[in-house]
Amino acid sequence: MSKKPCNHEYLAATDFGKAQICRECGVVHLHVQNLTMRFEVNDFLGLADTLADAAIQARTGGKAEAKRAGFTVIKPSQRLN
Ligand SMILES: [Zn+2]
């Protein structure tokens, strides 16, 4: 079984952090300052959605209407991919 070599493709790069994906491994590498985290793609997408929701609430002082009922677990198959 030969696997293609890792190829880290940039998803985003800003002053705040960088995100790279290896589509061969299905892993996202998130670099924030001197911290690097690795996530399975679905876990990364769940975290990204969580952060996006948190950012909306932070910007609106919690006044934004929740798009989903509370902070319940979302079925991964329901979202993205
Ligand atoms: Zn890889």
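## A walk through the sheet and its helix

Start with the whole protein in view: its secondary structure comes to 1 helix and 4 strands (DSSP runs, numbered from the N terminus: helices are H or I with at least four residues, strands are E with at least two). This is a predicted model, in which local features need pLDDT of at least 70 and side-chain atom pairs count only at pLDDT 80 or more, while totals for chains, interfaces and linings use all residues. To find your way, note that residues are numbered from 1 along each chain as its sequence is written.

Colour the chain from the N terminus on, and the elements appear as β-β-β-β-α.

Next, select the strands. They form an open sheet, ordered S1-S2-S3-S4, with antiparallel pairing (two strands pair if DSSP finds at least two bridges between them). Strand S1 (8–13) and strand S4 (35–40) are at the edges with a single partner strand each, so one side of each has no neighbour in the sheet. From one strand to the next, the twist averages 20 degrees (axes are lines fitted to C-alpha atoms, for helices over the stretch in contact, and angles run from 0 to 180 degrees between N-to-C directions).

Now zoom in on S2 (residues 18–22) and S3 (residues 27–32), an antiparallel pair with 5 bridges. Show Ile 21, and opposite it in S3 you will find Val 28.

Then move to helix H1 (residues 41–60), which lies across S3 and S4 and runs at about 115 degrees to S4.

Finally, zoom out again: of the 81 residues of the protein, 2% count as buried (20 or more other C-beta atoms, placed from the backbone, within 10 Å of the residue's own).

Terms used
Two residues are in contact if their C-beta atoms, placed from the backbone, lie within 7 Å. A residue is buried if 20 or more other C-beta atoms lie within 10 Å of its own, exposed if 12 or fewer, and partly exposed in between; C-beta atoms are placed from the backbone.
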